[in-house]
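Thanks for coming. I have one structure to go through today, so let me put it on the screen.

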Amino acid sequence: MASVSLTNVVKAFGAFKVVHGVDLDIADGEFVVLLGPSGCGKTTTLRMVAGLEDVNGGEIRIAGEVINDRAPKDRKIAMVFQNYALYPHMTVRQNMEFALKPQRLSKAEVDAKIAGVAAMLGLDVLLHRKPAQLSGGQRQRVAMGRAMVRTPEVFLFDEPLSNLDAKLRTQVRMEIAKLHKQLGTTVIYVTHDQVEAMTLADKIVIMKDGHIEQIGSPEEVFARPKNLFVATFIGSPSMNLFRMTAERGDTGTVLSSPAFSLLLPVELGAKLKPGQAVTLGVRPSDVRLAQAGDADAIEARVEVVEYLGVEALVDLRIGTQEFIAQIPASERPALDQAVKVVFNPAGLHLFDSESGQAL
Amino acid sequence: MNRLSTRQATLVYSVTGIILIIFMIPIYLILASSLKPSADMFSRPPTVFFTPTLQHYVDLFTLRPFHWNIINSLIVTLGSTVFSVTIGALGAFALSRIRHPRINDAAFWILSMRMFPPIAVVVPYYIIFKSVGLLDTPLALIIVYSTANIPLTVWLMKGFFDEVPEALEEAAQVDGYGIVEIFYRITLPLAAPGLAVCAVFCFIFSWNEFLFALMLTGSSAQTATVAVMSFWSSDAVQWGRIMAGSFIILIPGVIFVLTCQKWLVKGLTLGSVK
Amino acid sequence: MGYVNRRNRTIAGVFLLPTAAVLFLTTIYPMLYALYLSFRNYDLAKPFIPRIFVGLANFQEVLTSGPFLHSMLITFKLMGVTLFFQFVIGVGLALLVTQRLPGMAAIRTLLLIPMMISPVIVGLVWLFIYFPELGYFNYFIGLIGINPIPWITSTQWALTAIAIADIWQWTPFVMMGTAAALQSLSPEPYEAARIDGNSNIDVFLHVTLPQLKPVLISLLFLRAIDAFKIYDIIFVLTKGGPGDATETIALYIYRQSFTFWRMGVGAAASFVSLIIISVLITLFFKSMQKSAAAR
């Protein structure tokens, strides 16, 4: 097992920079997820750690040693590929044997390792089959098994669940979490699916356009997004955004827009100067229907109601401002009706409209 | 496409049938004449029902050393096929895997070598082989045929290698294999059908070739095609023998058409038709 | 240097080098040698004349004397005629054999046989068919009252005879390529046209043909490149004669080099033909890249 650290790592294809100086420290045994939209540089970063792409600047260390110019095989890593990359002309057992062969183990050791991993993943009955005879989920398991037999110091996963259907994805996701608990090996895991990131990660690294936007635990990136990108990227449905201006009111700082105005809690208000342009972020789950006696309720029109069983998503509109409320399904209003809503004061996020940074 | 009415179908069948018969006549003539007794060869009207004879085939191997010509053809054909496919597959793998903006130009450039008229290089080959004593040897033809077969193999195999996912090679890399081992343990086995297709094309081309064989061989390395042509001038036109030899020569090509038709399109149009 | 970079160099060294080396020795070197010869007075019939540098004299002879230009004219004439018929018959055949009727696949396969036959065999069987006095062709046209035609012995008919043999061998190629392209077309536009009630001819001209165009252009250049090199069939049927009636560029080079043993002149003509064919090859690659981009 080993720690991994990236210091100012740069990748460019010709004049086109795809990773701009990434810094990242991964502790021994940590499960780190690189999360971001496609083209954000997350896969390229992973491939640089694997040694499948050359590093154009900065240093990558595994267990303290700089491994920039080492061959992939000398990095003590194993990788699970997006399309599994199983050798189609070999059986499951041969796939694993092939992965072990360069380690020059005895026949008994190889058999023991394969048997151990096969038992752990339930592959015993599949060992003599070829990849074409396996289902998607089974292939995924074999790909993990092939990586596990090598007992690497670091596991690299490149979108390993993206080819599975939704149900299987949930199931395999849980298995991966269980395996990590069991093995305790350092994991770097690339995905564009925030649910995978939230459920699996000790630490999420959110990337965009080759830059790291935020590093933090799932709770941190959800509760305290550092900027507008992270705020809207994490969470589903996305955070509602309102462009507002700060004003000094009689009882404290007030945010106002043509649609509505809102009195801020004292500690938030203290961060703003009068006249400052801010973007207010409120997650749909922090919008609820006003009850009698709620001060500061905002009146909005119901445009669409999406019934989801336990909950309902309600599209609301005030003038040109649209936003979504996520409320218990039993409370859902009728269409085209005016309703009053309030924002949960603890769920208000303020961002500087110009820089997009959290305030 | 819409379904045809019975009348339309009849029309399609009759037009296609007539064209088919016209196209098959020369092939029928080769086979029929090779089996026709010499006395019937030019009887008019042509005898359709005659007693077939294998005399012309027997003559080929008794009166003429046609088996030696076939052996020469086989040596040259197999030699060039093995050499071209080996060298060509290596080059194709490189062109398929190296990331370089001008790699396609390089592939085109190699392919273009196949398209140059053979007659343009026959003179230098003649002089070069003469000076190194390779004239009238199978090796000379093996070398010359490779100039057409290697570019074709490079071009076709590049297409087959392009279809092998690079992730497989990356997986093997991570597992600790070197590039050479990855090539022959992973990539090549997966592109094996392509290798067979290339081998067949090299075989047919070398087997059928005439111009270089005529210019660069004399009596000892004479191939089957040149030998059949020589029956024309030397044997006072033994049509039976010519047709018997021709029929033997056209067998590999016909087998190829009947068995691997789907590869024919890809190979002959150089991938410009999918 | 990074590992991936090193690996790429290994690939270039281990895999590309053998191909490059072999192609250099077997193709580039002879071509350079041809270039060298084309500037020399290399006459094997007169071995005692020193093989001196003659500058552009060989090229001058080739480009200004009648025979080469005549052979060029013959080459392009033959190319024009054979390509025209190969495409008209070939595309027509392709439309027929792609009809969904039982037995069509077998017919298509049988029609492919001619192009897999050695051109020298093609030459020989057509020689048999054209044979003066005894040939089948004249016998059959005699049955319908046409006088015997001196196919390969008259300057008037020899080129036609060669064209027929070449059309026979290579029409299947056009059919095969067109049929493959036809079968890869999406059925939806046809269904749409049927619903709209367009006539068959309209559908062919406005739906089928535009989609076939890139393939047909590629096939056209491939055939043109081959037609430019035509040699074996002519060698068997007429050896360029009678006189110079069927002397194409390839036959001209052959005669200069191996009949008159004037290797320098032959080499110069070879070079001129290389330049012409390079243009065709470039056009072919352009058409291929274009259709690949359109796909």
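I will go through the confidence values, then chain A, then chains B and C and where they meet.

What you see is a predicted model. For the complex the predictor reports an ipTM of 0.88 and a pTM of 0.85. For chain C the mean pLDDT is 86, with 98% of its residues at 70 or more. Broken down by element, the highest mean pLDDT in chain C belongs to helix H3, residues 66-97, at 93. The lowest in that chain is helix H8, residues 188-196, at 80.

Chain A next. Its secondary structure consists of 9 helices and 20 strands. Of its 359 residues, 38% are buried. The C-alpha trace spans about 80 × 45 × 35 Å along the principal axes. As for contact order, take the contacts between residues at least 6 apart in sequence: 64% of them join residues at least 24 apart.

The domain assignment splits chain A into domain 1, residues 4-233, and domain 2, residues 240-352. How many residues does each domain of chain A give to the contact between them? The count is 4 from domain 1 and 4 from domain 2. On the domain 1 side, those are 3 nonpolar and 1 polar, with no charged residues. The centres of the two domains, taken over C-alpha atoms, are separated by 40 Å.

One residue in chain A as an example: Phe242(A), which sits in strand E11, residues 240-248. Is Phe242(A) buried or partly exposed? Phe242(A) has 18 C-beta neighbours inside 10 Å, so it counts as partly exposed; the cut-off for buried is 20 or more. Leaving out residues up to four places away in sequence, Phe242(A) touches Ser257(A), Thr279(A), Leu280(A) and Gln321(A). Gln321(A) is 79 residues away from Phe242(A) along the chain, yet their C-alpha atoms are 7.6 Å apart.

Now chain B. The domain assignment here gives domain 1 at residues 6-53 and domain 2 at residues 58-268. Over C-alpha atoms, 32 Å separate the two centres. In chain B, 7 residues of domain 1 are in contact with 7 residues of domain 2. The domain 1 side of that contact has 3 nonpolar, 3 polar and 1 charged.

UniProt, in an unreviewed entry, places "transmembrane region" on chain B at residues 12-31, 70-95, 107-127, 182-206, 212-232 and 244-264. I checked two of those spans against the model. Residues 182-206 of chain B are 96% helix and 0% strand, with the end C-alpha atoms 31 Å apart. Residues 212-232 of chain B come out at 67% helix and 0% strand, and there the end C-alpha atoms are 18 Å apart.

On to chain C. The unreviewed UniProt entry lists "transmembrane region" at residues 12-36, 74-97, 109-131 and 260-285 of chain C. In the model, residues 12-36 of chain C are 100% helix, and the ends are 31 Å apart by C-alpha. Residues 260-285 of chain C are 88% helix, with 37 Å between the end C-alpha atoms. UniProt, again unreviewed, also puts "domain: ABC transmembrane type-1" at residues 72-284 of chain C. That stretch of chain C is 74% helix and 0% strand, and its end C-alpha atoms are 20 Å apart.

One helix of chain C deserves its own slide: H5, residues 119-130. Helix H5 of chain C has 12 residues and reaches 16 Å from first C-alpha to last, close to the 16 Å expected at 1.5 Å a residue. Why is H5(C) described as largely enclosed by the rest of the structure? Because 12 of its 12 residues are buried. Among them are Pro119(C), Gly123(C), Trp126(C) and Tyr130(C).

Last, the contacts between chains. Between chains B and C, the contact takes 74 residues from chain B and 80 from chain C. On the chain B side, helix H1, residues 6-35, gives the most, with 13 residues. By class, the chain B side divides into 56 nonpolar, 15 polar and 3 charged. Between chains A and C, 8 residues of chain A are in contact with 4 residues of chain C. The chain A side there has 3 nonpolar, 1 polar and 4 charged.

That is all I have.

Technical notes. Residues numbered from 1 in each chain as written. Chains lettered and ligands numbered in written order. Predicted model: local features only at pLDDT ≥ 70, side-chain atom pairs only at ≥ 80, totals over all residues. Helix = DSSP H or I, 4+ residues; strand = E, 2+ residues; numbered from the N terminus. Contact = placed C-beta atoms within 7 Å. Nonpolar A, V, L, I, M, F, W, Y, C, P; charged D, E, K, R; others polar. UniProt positions renumbered as here; feature names shortened; annotations may be inferred. Expected span 1.5 Å × (residues − 1). Domains from an automatic or database assignment. pLDDT = per-residue confidence, 0-100.
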